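Q: I am new to this structure and would like a close look at one part of it. Please start from a single residue and work outward from there.

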Amino acid sequence: MDKDAAADLQIAGIGGAAGGAYNHVSLEGLSRINGPVTARTFTGNGRMRLGGSLTVEQMETNGDLKIGGGLRVGTMKHDGLLKVDGGLHGESFTLNGMADIKGDCELENFTAEGVVAIGGFLSAGSVELVLQGQAKVKEIGVESLVIRKGGSGAWSRLAGGMIPKLRAELQARVIEGDFLDLEYTEAEVVRGTVIIIGEGCRVGRVEYRDRLTVHPGARVGMEEKIGG
């Protein structure tokens with residue numbers, strides 16, 4: 001994209017626009033963009049609907065955002081509801097709210113407080129999740145993963161009101177990483193170098209290389225030291 005030649009896109013109130021290559025996208029209110037978008041920066045507040053994929057260097061949004069394709073981003077911060085019909089690939093993503101990502105998620109740094117659902121594989125350098133409801137990820141592969149249970153915040157009350165029987169926990173089939181510090185996590189297999197299985201965890205099998213710590217309030221089916 002020629003950043004100097006690209007135009008800006010601004011919608012305030014209720015409006016729509018075509019997809020395309022833009023320098024800066026600013027959305028306020030109720031907005032819809034038909035088709036894929038490429039931009040240098042993207043800011044938005046309100047109810048935002050994109051009919052295709054989004055590629056952006058820097059992004060900050062608040063409200064209800066739905067992307068009808070994949071999302072490629074440098075740095076992103078979102079407060080509110082986020083739905084991505086494809087995968088999410090980027091450097092840094094900070095979330096305060098609820099996110100539903102249909103495909104794989106590949107990030108350098110991922111920090112979230114709220115509720116997260118990832119339909120594919122989560123691959124990241126560093127992940128910190130504060131759970132305000134039930135989170136689901138198919139498989140996780142990271143360098144560092146820290147899971148904590150949040151308090152009774154706004155997203156916890158919202159998630160509990162929508163699906164009251166679901167407790168705040170992370171559900172995954174396989175979790176693998178160098179450093180894993182988990183609370184309120186349910187997994188079939190947890191595999192890593194240094195593993196802390198904290199309060200509220202339910203794990204079928206733990207495979208560790210250097211060190212394993214298990215909280216008295218956790219349930220682990222099998223423990224095995226692997227490697228040299």
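Which residues does Thr61 touch, not counting residues up to four places away in sequence?

A: This is a predicted model. Thr61 touches Phe42, Thr43, Gly44, Met48, Met76, Lys77, His78 and Asp79, once residues up to four places away in sequence are set aside. The residue itself is found in strand E2, which covers residues 54–67. Thr61 has 0% relative accessibility, and the limit for a buried residue is under 20%, so Thr61 counts as buried.

The contacts of Thr61 can be read against the strands. Strand E1 covers residues 7–50, and strand E3 covers residues 71–84. Phe42, Thr43, Gly44 and Met48, which Thr61 touches, have numbers inside the range of E1. Met76, Lys77, His78 and Asp79, also touched by Thr61, have numbers inside the range of E3.

The pairing of these strands comes next. E1 and E2 run parallel and are joined by 13 bridges. One of the pairs here is Thr41 with Gln58, the latter being the bridge partner in E2. E2 also pairs with E3, in the parallel sense and over 13 bridges. On that side, Met59 has Met76 in E3 as its bridge partner. Met76 is also one of the residues that Thr61 touches.

Two further residues of E1 fill in the picture on that strand. Ser31 has its place in E1. With a relative accessible area of 4%, Ser31 is buried. Not counting residues up to four places away in sequence, Ser31 touches Ile11, Gly15, Arg47, Met48 and Arg49. Met48 therefore appears in the contacts of Ser31 and also in those of Thr61, where contact means heavy atoms within 4.5 Å.

Leu9 has its place in E1 too. This residue is buried, at a relative accessible area of 10%. Leaving aside neighbours within four places in sequence, Leu9 is in contact with Ala17, Tyr22, His24, Val25, Ser26 and Ile33. As for distance across the model, Leu9 and Val220 are 211 residues apart along the chain, and their C-alpha atoms are separated by 53 Å.

Gln58, already met as the partner of Thr41, gives a link to another part of the chain. The C-alpha atoms of Gln58 and Ser126 are separated by 19 Å, and the two residues are 68 residues apart along the chain. Ser126 is found in strand E5, residues 105–131. Ser126 is partly exposed, with a relative accessible area of 25%, whereas Thr61 counts as buried. Beyond its neighbours within four places in sequence, Ser126 is in contact with Glu108, Asn109, Phe110 and Ser144.

Further along the chain, parallel pairing is found again. Strand E8 (residues 185–197) and strand E9 (residues 202–214) run parallel, joined by 10 bridges. Within this pairing, Val189 has Arg205 in E9 as its bridge partner. E9 is joined in turn to strand E10 (residues 219–225) by 6 bridges, and these two also run parallel. Here Val206 stands opposite Glu223 in E10.

The loop between strand E7 (170–182) and E8 holds Tyr184. Most residues other than glycine have a negative phi. Tyr184 is not a glycine, yet its phi is positive, at about 45°. Its relative accessibility is 15%, and Tyr184 counts as buried.

Last, the chain as a whole. The protein chain has 1 helix and 10 strands. Along the sequence they follow the pattern β-β-β-β-β-β-α-β-β-β-β. The radius of gyration is 19 Å, close to the 17 Å that the globule rule gives for 228 residues, so the chain is as compact as a globular protein of that length. The C-alpha trace spans about 60 × 40 × 20 Å along its principal axes.

Of the 228 residues, 46% count as buried, and Thr61 is one that does. Among the contacts with a separation of 6 or more, 15% are between residues 24 or more positions apart. The accessible surface of the chain comes to about 10500 Å², with 47% of that area belonging to carbon and sulfur atoms. There are 25 positive and 30 negative side chains, and the centres of the two sets lie 7 Å apart.

How values were computed:
Residues numbered from 1 in each chain as written. Predicted model: local features only at pLDDT ≥ 70, side-chain atom pairs only at ≥ 80, totals over all residues. Heavy atoms only, no water. Pairing = 2+ DSSP bridges. Helix = DSSP H or I, 4+ residues; strand = E, 2+ residues; numbered from the N terminus. Rg over C-alpha atoms; globule rule 2.2 N^0.38 Å. Buried < 20%, exposed > 50% of the residue type's maximum accessible area, 1.4 Å probe, protein only. Areas by Shrake-Rupley, 256 points an atom, 1.4 Å probe, with all protein chains shown as cover. Lys, Arg positive; Asp, Glu negative; His and termini not counted. Charge placed at Lys NZ, Arg CZ, Asp CG, Glu CD.
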